[in-house]
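Grab a pencil and work through a few exercises on the structure shown here. Try each task yourself before you read its solution.

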Amino acid sequence: MAATESTSYVDKLAQLTLEEKIALLSGCDFSTANGVERLGIPKVRVSDSICGIRPSGISGDMTTACFPNTVCYGATWDAELMGRLGEQLAHQARLKNSQVVLGPTINMHRDPRAGRNFECFSEDPLLSGQLAGAIVNGVRRGGVASCPKHFVCNDAETLRHFYDVNEGVDSRTLREIYLAAWQHLLRTSEPDGIMMAYNKVDGKYCSAHDDLISRILRREWGFRGITMSDWFGTKDVVGPVKAGLDLEMPFPVFRGKRLVTAVEAGEVTKGEIDALARRMLELRDRTRECQSSGGPERSEISDEANQLARDIAAGGMVLLKNDNCALPLNVAGVKPKIVLVGEFAKDAVFTGGGSASCTPQYKRSPLDILQEEYRDQPDALRYASGVRTRRYIPEAPTHLLQARNGQPGVDIAFYNNDDSSGKPHLEEHQERPSVWMLGEFKPGLKVPGSRVQISTRLTPDTTGEHTMAVRCTGSFSLTVDEEEVLSGPEVEISTEQFIFNHILLERLTTVSMTAGQSYKVVLTMQGPSKLVAGEPTPYAACLGFERAYSEDAAIEEAAALARDGDVSVVYAGRNEQYESEGFDLPDIRMPENQTRLIRAVAAASAKTILVLHCGNPINVGAVVDEVDAILLAHFPGQEGARAALDILTGKTSPMTIEYAEGIKMGYRAPVEPQRIRWPFGHGLSYTSFQYTDLQVVKDDGSGAGSLRLKCSIRIQNTGMRAGMEVVQMYVTPPESSSNNNCVWRPERELKAFTKVTLGAGESRSVEIEADMKVACSYWEEETTSWRLQAGTYGVLVGGLTAKFEVEKGCSWNHL
Ligand code: BGC
């Protein structure tokens, strides 16, 4: 990727004016960092996410190869697979003309309600950092840059722009868990950028945190790439520049003219601007090879990407429970009578929400796939949608709507309030009953000072008390056959909440309607009464509609089908409406109506399999003993439905991980083992493994003075099928640390892992190793350094332990 000296962009630094240098330090739209045309310095396109590279713009719905979510990556425990993913993401980024992939997200699973946990790997810093590093390396091999995020402690979404992580997070916790993930990432890879978190740490915004950016990231860890703000994540002009934040995204809110003025006033030096501009030019040198030639963005369906999406989905799905060998289902020969239950079985779940979501290239549901497989025996496959699994009312479906010209859809009219002619300023016909503008408005439309009207004829296909919903940013009135059925005031909503959590705008009513009868529906909304300062102003109106339904009848229908089948497969959990960005889950309960459905189906079925979609844990306490097997399917991407069915039918075997323990955060917490149903690292397979001959040695083979801790272990597949096993190496602290006079250490901590595939009966010796200093040291607060205690340590692998001695204690400033 390196540019030759003579063509280097960095060489152009001296030719840039102050204004041009400053132009390089911010974005110019939602997905682009600014360039300088006069000198041929290109813009840099950045794109979310490692689960699917999104097109440019904020609401672009061009499709893309949709991979599983990151928690599924974490559950693969497979760095090699993550490397392949990185290479494929680089290819996908080029299709979208992008030079920088925004990700991986390596915040920690600290709270099981955190909205973006699905977008992060795990609760363990080593697993998260190493898998993220493998992706970064793969992206780089593909010639593209990546920008892991969000540094640091963006481990929750509620008030993410404001919260301050200082109470309770002492420097040891930061060092050993939250910063540690980044250190593992930087030990294994060299990302070209790092995105700073929105929140504060110790009273300072991360985007202006000189300690985090300059001291730890750059000086201590030697990071040489750029740092960028999260979107609208800067809070002032001078602080971020002084701290060394190179790029403000997505617009020059605190840069541009304001920064020029600050330089002229002597608040920021030209040298400080040069340092930032230089790194922005270096980024162009490093990404020169993937610069866009300016053609259109593309979406290409490829077997290679799909196979990878399927391998990752299959590798990351976790079999949590499998009583009496309920799985795999035997579908060879005469197929079992399957009853498929749940809206997610027909309307498949692909991704979580927010910036890590994307539009898949195709949507194949479990029902579609099984219908193909049951072509010869269609009567042996039954489907019941069961209860509703959604957070907000869907948009009124186009096929029920008719515009004035007789076409399906709606008429939209925009009016400027000061136009006394009473005529619309602009009229449009469209299929969807919604208007969505953010900062960029229709030409000539006055904001503030305008209104919009959506009108249509709605013909329901069933009779009943149907639900009508409105999601409007301004004050509105909804009429049905000229009669007002709902109205509401302008809603105060931040731009961020508008983008990610528009359920906050929802207003509902029910209207009695008859099947086949056409109703005139008109939604009128006043546009915003003022513009939002510093961020784009939302202007949106949407009409939702859902036909009446009886939950009891839906549950009874599913249970009745279940009674006649051999096995019921219930798809349940959450989708992108529940787990997303900008908000957290209120709790981890399973929605009550889903619990009722699962229990009713399980009571009626000979055998019940539960397929759970969720990024965060979901409380299955009320159903776990009722069902025979549970497969955790995450948000599995466009090949996810196929991957899950391959596991259910035994075509692929889920991975096995038999060991993992508690910890203060997540598995490090010293809690009673029986309180944890499925601990970190749990997962069943269709075979079993036996571990023997664990040995550990300290080795200074490199002679560089850095000792390696080397473990070897023999593993045998003792079952009848081939299977994959994740070998996990934990280090236990010296015995003296359980003594009260010594510092507390978690009972065990993950220090290395690898994944092996063994045929039935096969036995193999596996080597696994870690740097001894890194594996055994803890962060000592008093001396703010890493401390290695002398003593007898242990390693734990697959239930076996072995001891090793550290003869002499020492300290290090940097690991
Ligand atoms: C998210 C980032 C994302 C950015 C651009 C922000 O809301 O926090 O993770 O990269 O938007 O989409």
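This is a predicted model. Let's start with the backbone.

**Exercise 1. Is Asp 481 buried or exposed, or partly exposed, and is His 634 buried or exposed?**

Step 1: Take Asp 481, whose relative accessibility is 37%. Buried means under 20% and exposed means over 50%, with partly exposed in between. Asp 481 therefore counts as partly exposed.

Step 2: Turn to His 634, with a relative accessibility of 2%. That value makes His 634 count as buried.

Step 3: Now place them. Asp 481 sits in the loop between β21 (476–480) and β22 (483–488), while His 634 belongs to the loop between β28 (629–632) and α16 (640–648).

Step 4: Check the backbone angles. Asp 481 isn't a glycine, yet its phi is positive at about 50°. His 634 isn't a glycine either, and has a positive phi of about 55°. As background, most residues other than glycine have a negative phi.

**Exercise 2. Where do you find Ser 49 and His 150, and what is the peptide bond leading into each?**

Step 1: Find Ser 49 in the loop between β3 (44–47) and α2 (70–76). The bond from Asp 48 to Ser 49 is cis, and its omega is near -15°.

Step 2: Find His 150 in strand β6 (residues 149–151). The bond from Lys 149 to His 150 is cis, with omega near -5°.

Step 3: Keep the general rule in mind: most peptide bonds are trans.

**Exercise 3. How do helices α5 and α6 cross, and which residues make the contact?**

Step 1: Look at the axes of α5 (residues 171–188) and α6 (residues 210–220), which come within 12 Å and cross at roughly 45°.

Step 2: Put a word to that angle. Under 35 degrees would count as roughly parallel, and 65 to 115 as roughly perpendicular, so α5 is oblique to α6. The crossing is right-handed.

Step 3: List the contact residues. From α5 come Arg 175, Leu 179 and Leu 186, and from α6 come Leu 212, Arg 215, Ile 216, Leu 217 and Glu 220.

Step 4: Sort them by type: five are nonpolar, three are charged and none is polar.

**Exercise 4. Which strands stand at the edges of the open sheet β34-β35-β38, and which helix lies across β34 and β35?**

Step 1: Read the order. The three strands go β34-β35-β38, with antiparallel pairing.

Step 2: Pick out the edges. β34 (778–780) and β38 (810–812) each have a single partner strand, so one side of each has no neighbour in the sheet. From one strand to the next, the twist averages 40°.

Step 3: Follow the first pairing. Antiparallel β34 and β35 (residues 785–788) are joined by three bridges. Trp 779 has Trp 786 as its bridge partner in β35, and Glu 780 stands opposite Ser 785. The two strands form a hairpin with four residues between them, and Thr 784 in the turn has a positive phi of about 40°.

Step 4: Follow the second pairing. β35 and β38 run antiparallel, joined by three bridges, and Trp 786 stands opposite Trp 812 in β38.

Step 5: Add the helix. α5 lies across β34 and β35 and runs at about 135° to β34.

**Exercise 5. In which order do the strands of the open four-stranded sheet come?**

Step 1: Write down the order, β18-β25-β20-β23, and note that the pairing is antiparallel.

Step 2: Mark the edges. β18 (434–438) and β23 (506–513) each have a single partner strand, so each has one side without a neighbour in the sheet. Direction ignored, neighbouring strands are turned by 20° against each other on average.

Step 3: Zoom in on β20 (residues 464–472) and β25 (residues 538–546), an antiparallel pair with six bridges. Here Val 470 stands opposite Leu 543 in β25.

**Exercise 6. How many residues of strand β16 are buried, and which strands does β16 pair with?**

Step 1: Count along β16 (residues 410–416): seven of its seven residues are buried.

Step 2: Split them by face. On one side are Val 410, Ile 412, Phe 414 and Asn 416, and on the other Asp 411, Ala 413 and Tyr 415.

Step 3: Name the partners. β16 pairs antiparallel with β17 (residues 426–430) over five bridges, and Ile 412 stands opposite Glu 428 there. β16 also runs antiparallel to β19 (residues 450–458), joined by six bridges, with Asp 411 opposite Ser 455.

Technical notes: Residues numbered from 1 in each chain as written. Predicted model: local features only at pLDDT ≥ 70, side-chain atom pairs only at ≥ 80, totals over all residues. Heavy atoms only, no water. Buried < 20%, exposed > 50% of the residue type's maximum accessible area, 1.4 Å probe, protein only. Axes fitted to C-alpha atoms, helices over the stretch in contact; angles between N-to-C directions. Parallel < 35°, antiparallel > 145°, perpendicular 65-115°, else oblique. Left-handed = near helix turned anticlockwise from the far one by under 90°. Contact = heavy atoms within 4.5 Å. Nonpolar A, V, L, I, M, F, W, Y, C, P; charged D, E, K, R; others polar. Pairing = 2+ DSSP bridges.
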